[in-house]
Amino acid sequence: MPVSRRTFLSSAGAAAVLPLSLRALELAPRNVLASDMADKSATASSAALDSQRMKALAAFTALTLDTPSPVPFGAEIFHTTTGESLMRSLNAVGTDHDPSSHAEVRTIRLACQKLKGFSLAGYTLYTTCEPCPMCMSDALWAGLDRVVYGATIEDANKFCRQIQISAREVAKRSDMTCIVDGPIEQAACLALFTHPNMQKAFKLWSVKR
């Protein structure tokens with residue numbers, strides 16, 4: 001059957017457009033995939049950094065286990081963007097004779113004093129144990145970007161008294177925004193609680209109370 005010039009041109013035009021459409025569809029998944037890969041790479045990098053920092057914090061806190069005042073609670077604040085460490089501190093409830101002298105609260109206090117201000121916006125707090133409601137509230141009032149914890153409140157409650165409200169729940173019920181991530185390096189942080197010297201100290205804590 002003879003093909004008219006108009007039909008031929010119409011078919012040729014469609015053929016010319018079709019490869020372009022297929023090419024666009026072919027490229028789209030690759031672009032999405034590249035974006036996904038970048039996101040996953042960034043997430044993996046962030047997770048690795050969290051792990052590295054938490055391990056270092058657990059090791060720092062573990063130094064107390066061979067002292068007369070062992071504690072399993074340590075905290076450190078880093079600049080969220082530059083990664084520079086601002087302040088690192090330990091629980092000092094016993095040595096300070098202050099029930100509010102938790103590691104997170106002390107670290108926040110010292111960091112704010114160092115900056116001569118009351119805002120820690122732009123900073124991230126790492127702690128060997130999930131913050132109690134008091135500590136998480138302090139983190140929120142300070143405007144921290146993020147809180148990353150090791151052992152959970154449930155882990156700590158096996159050895160010492162805790163208020164059974166999660167850090168995420170405290171953040172959820174506040175007017176402030178703070179990302180809460182954890183548990184990170186939970187086993188390393190839990191080892192602080194199970195160390196024989198810490199176990200002996202827990203028994204003394206319970207007698208004093």
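**View 1. H3 passes H4 in a left-handed crossing.** This is a predicted model, and here we zoom in on two of its helices. H3 covers residues 103–115 and H4 covers residues 133–142; their axes sit 8 Å apart, and the packing angle is about 25 degrees. Angles under 35 degrees count as roughly parallel, so that is what we call H3 relative to H4.

**View 2. Residues where H3 and H4 meet.** On the H3 side, look for Glu104, Val105 and Ile108. Their counterparts in H4 are Met134, Cys135, Asp138, Ala139 and Ala142. Sorted by class, this contact has 6 nonpolar and 2 charged residues, with no polar ones.

**View 3. An open sheet built from 5 strands.** Reading across, the order goes E2-E1-E3-E4-E5, and the pairing is mixed. From one strand to the next, the twist averages 15 degrees. E2 (85–90) and E5 (179–181) are the edge strands: each has a single partner, so one side of each has no neighbour in the sheet.

**View 4. E4 alongside E5.** Zooming in on this edge of the sheet, E4 (residues 146–151) pairs with E5 in the parallel sense, over 3 bridges. Val148 is the residue to find here, standing opposite Asp181 in E5.

**View 5. Helices against the sheet.** H3 turns up again, this time lying across E1 (74–79), E2 and E3 (123–129). The direction of H3 is at about 140 degrees to E2. H7 (residues 186–194) packs on the sheet too, touching E3 and E4. Compared with the direction of E4, that of H7 makes an angle of about 60 degrees.

Notes
Residues numbered from 1 in each chain as written. Predicted model: local features only at pLDDT ≥ 70, side-chain atom pairs only at ≥ 80, totals over all residues. Heavy atoms only, no water. Axes fitted to C-alpha atoms, helices over the stretch in contact; angles between N-to-C directions. Helix = DSSP H or I, 4+ residues; strand = E, 2+ residues; numbered from the N terminus. Parallel < 35°, antiparallel > 145°, perpendicular 65-115°, else oblique. Left-handed = near helix turned anticlockwise from the far one by under 90°. Contact = heavy atoms within 4.5 Å. Nonpolar A, V, L, I, M, F, W, Y, C, P; charged D, E, K, R; others polar. Pairing = 2+ DSSP bridges.
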